[in-house]
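Reader: I am new to this structure and would like a close look at a single part of it. Please take one helix, describe it and its surroundings, and then place it in the rest of the chain.

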Amino acid sequence: MSTDTETRRRAVSDNSDIQEPPGDRGEVRGCAAAKGHLPGSCCDPVCMEPSCSETPECLLNLPCSLHSCSSFTPKHAHKGHNTHVTDGVWEEVPSKTTISAENEVEAQKLANNYKFGFRKWKSHVTERPFEDRSEIVKELYSELNIIKTNTGSLITCGNVLYVFLFGWWISLVYLLIGVLMFITIIGIPHGQLCFRLSCYFLWPFGKAIEKVSGSLSSFSVILHNDGLLENPDEGKVTSPLLLPAPVENNVVEERRSPEQHYWKRVNTYVWLFLGYPFLAVAHCVLGLLSWLLVFTIPVAKMSARTLRTILLMPPEQVHISSGRREEEGKAILCCYHALNVYYYKYTVDGINVFAVNLLPLVVISMVIGYVDQGNQVVSSEVKFATAISSIIPLSYYIGMGIASISAQSNFAVGAVVNATFGSITELTFYITALLRGHSQDTKCLEEIVKSALTGTLLGCILFIPGICMIIGGLKHREQRFNSRSAGVSSSLLFISIGGVFAPTLFSKAYGNLVCEDCTNSSGTNSSNGTFNCKNCHYDLSENNYSLFHSHIEPLVYTVSVLLPASYIIGLLFTLKTHSHIYDIHIGDSHASGHLDAVVHWSRWRALLILIIATVLMSVCADLTTEHIQPILNHPGISQYFIGVTVLAMVPEIPEIVNGIQFALQNNISLSLEVGSCIAVQVCMIQIPILIVFNAFYDVGFVLIFSDLHLWASIFSVIVVNYIFMDGKSDYFQGTALVVVYLILLALYFFAPSPAGC
């Protein structure tokens, strides 16, 4: 979907609810931004473009930055009236959306977000200019070495929480190490330092640790005859008693002597062997815990700076003072707040900190999964939880790799990468589960795969758009999107769902109804009368040769050819023949001085990470399917429910986060496209690949779904198309979609387990 372009039938319309979109770099802006108009300037005095000057927005004196520059031509009752507007009726000509970004690579990534078949990615693939970022973001990457003049109150909930979580025990460790150093006698200077740092780490806020080189008088003026000069003011440069050269040498020697001789002292090595190792362990634990909590990353920075710098300095050079001064300055360490809620934006080499923190789960999953084969140390439930959770960071790394390659390549390469690696997360799990089910000779895992496929469709059609509408609607009240591009996605969804469930509908129409546990209601063995039967279902197995091999199987292969063909036609339609629906223009107004993009990942690095992440994904998928059986055997949970929730939605968590971020930036079009893109790829790429895989290596995968999967998917597509009709969204419509999704989940939760499980 592109930006909001709706048909306006009246020149005067109610625009009181239009809100100004965020002004961050990299967002989609109207033509006003592309033409050089400042955000917030009024169209009446500023908009000089012919295509903008006669729009209803200009007549209403609205800011140029609030709308795309759509051209309107009046419908006249008489010919020749080219400048007169009758009845205030306007006809819309499709608009062009201008993308402005820091550099060409970033602009290409943003343009790819609007292309059909490309996964939507919010995070930057290039390094953003630090000086252009907001003060909040700059604070996240601060080195904690600035002494501020105005800090406000330091008694905050975060600082008090620090004392209870970290401050008391790290202060106690310093106190014990200080006592140990005093016992050694020779380590008394370091013991005194530990006592001072013990008080500091109990409440470090507003205090500064600085480096001093001794007293000022020790290297100000050196006299060779102390008795000849009683008044210090008489010692001037013109005095014959002063020898400049020796004084200068003495000053340099006096300043350097503490650092030169520190590593030659015996007490230094006593400190390094007795005191420093214990504090290193304590600070590593402190840094690890505060880093994993994300919002307390300032504590991790403070701990790292102390371990690397302060504890390796001569004790006499460490000075702790109050961090409140009239002028700003620099120090070795100065922290004012232990908690910052904006650290969810923090990135490491372009990767969000949450994905970085979850990456060690991959190693943990492999270690406990393959080392503890007999489940003697860790249970299967824990192994399943760690394995399925490790898919989240791997999915994020795969998404970052796809976006990096697509932004640095042409359209053909980007389309191929998105079509292959874009579905690799789900396909890896599906194929691994089918192989394990085939080796165990059970149909249970096949039903779990079908449940996961259906759950992905339901989540992408209902939950992702719904939660994005709710969060975006709460912030922006009402959001608009391009109903024409939404119509293209809706049509492809109808084609996808119709093709995937066509064999199921065919089997319902021509299959044989088979019932088990039938008893005569009269209590006799006669074949006459009424029978009460249980477990009635259509015979869809391969044993029914006449139906399956002669009719259903050829239909499945036909569908597996038509669905990818429809996907290719959709690419040609939206990107070639009818590209005006997604009319994206990359503007030339890049920030001056930042035209040379510094990418986080080069193409080869991104490709290498994609391959490694894919291999690790297959390992985690193997561990997930190996340890899923205890979860499936749980008596209180239906196997259908596990498939449509955990196995379907956990790999899509990075996509959900992207959609929410787009919605918060008032770009609901991309939020809706996130779910539609995944749903279309599931039907038109992933399922045909599974069919082709089953044709070459028979794992028993049959494209016939249960009645619950069938009607839930069809109902979801109908509901979401009804919601998308008016091109507007708010939190009420999002709530309706989420409620429908939760109702369907309740059906799956209480549904009987599938046959074979």
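Author: What follows looks at helix α7 and the helices that cover it, and then at a few other places in the chain.

The model is predicted. As a setting for the helix, the chain has 27 helices and 16 strands. Of its 757 residues, 49% are buried. Among contacts with a separation of 6 or more, 78% are between residues 24 or more positions apart.

Helix α7 covers residues 157–183, which is 27 residues. From the first C-alpha to the last, α7 reaches 38 Å, close to the 39 Å expected at 1.5 Å a residue. The helix also has a bend of about 50°, located at Phe166. Phe166 is itself one of the buried residues of α7.

The buried residues of α7 can be read along its length. They begin with Gly158, Asn159 and Tyr162. Phe166, Gly167, Trp169, Ile170 and Ser171 come next, followed by Tyr174, Ile177, Gly178 and Met181. A general point about helices helps in reading such a list. An α-helix has 3.6 residues a turn, so residues three or four places apart point the same way.

What covers these buried residues? The cover includes α8 (188–202), α10 (266–292) and α11 (297–308). Just after α7, Ile185 takes a positive phi of about 65°. Most residues other than glycine have a negative phi.

Two of the covering helices, α10 and α11, also pack against each other. The angle between them is about 160°, and their axes are 7 Å apart. Angles over 145 degrees count as roughly antiparallel, and α10 and α11 are therefore roughly antiparallel to each other. The crossing of α10 past α11 is left-handed. On the α10 side, the contact is made by Tyr276, Leu279, Ala280, His283, Cys284, Leu286, Gly287, Ser290 and Trp291. On the α11 side, it is made by Ile297, Val299, Ala300, Ser303, Thr306 and Leu307.

Ile185 can be set beside two loop residues that also have a positive phi. Leu144 has a phi near 60° and lies in the loop between α6 (135–140) and β5 (146–147). Leu144 has a relative accessibility of 10%, so it counts as buried. Asn375 has a phi near 55°, and its place is in the loop between α13 (360–370) and α14 (380–407). At 30% relative accessibility, Asn375 counts as partly exposed.

Further along the chain, two leucines in helices serve as examples of residue pairs separated in sequence. Leu505 is in helix α19 (residues 502–510) and is partly exposed, with a relative accessible area of 42%. Asp707 is 202 residues away from Leu505 along the chain, yet their C-alpha atoms are separated by 9.3 Å.

Leu563 lies in helix α20 (residues 545–577). Its relative accessibility is 4%, so Leu563 counts as buried. Between Leu563 and Ile687 there are 9.1 Å from C-alpha to C-alpha, with their positions 124 residues apart in sequence. Apart from neighbours within four places in sequence, Leu563 is in contact with Ile495, Ser496, Gly499 and Val500, and also with Cys683, Met684 and Pro688.

Methods
Residues numbered from 1 in each chain as written. Predicted model: local features only at pLDDT ≥ 70, side-chain atom pairs only at ≥ 80, totals over all residues. Heavy atoms only, no water. Helix = DSSP H or I, 4+ residues; strand = E, 2+ residues; numbered from the N terminus. Expected span 1.5 Å × (residues − 1). Bend = angle between axes of the 7 residues up to and from the residue. Buried < 20%, exposed > 50% of the residue type's maximum accessible area, 1.4 Å probe, protein only. Contact = heavy atoms within 4.5 Å. Axes fitted to C-alpha atoms, helices over the stretch in contact; angles between N-to-C directions. Parallel < 35°, antiparallel > 145°, perpendicular 65-115°, else oblique. Left-handed = near helix turned anticlockwise from the far one by under 90°.
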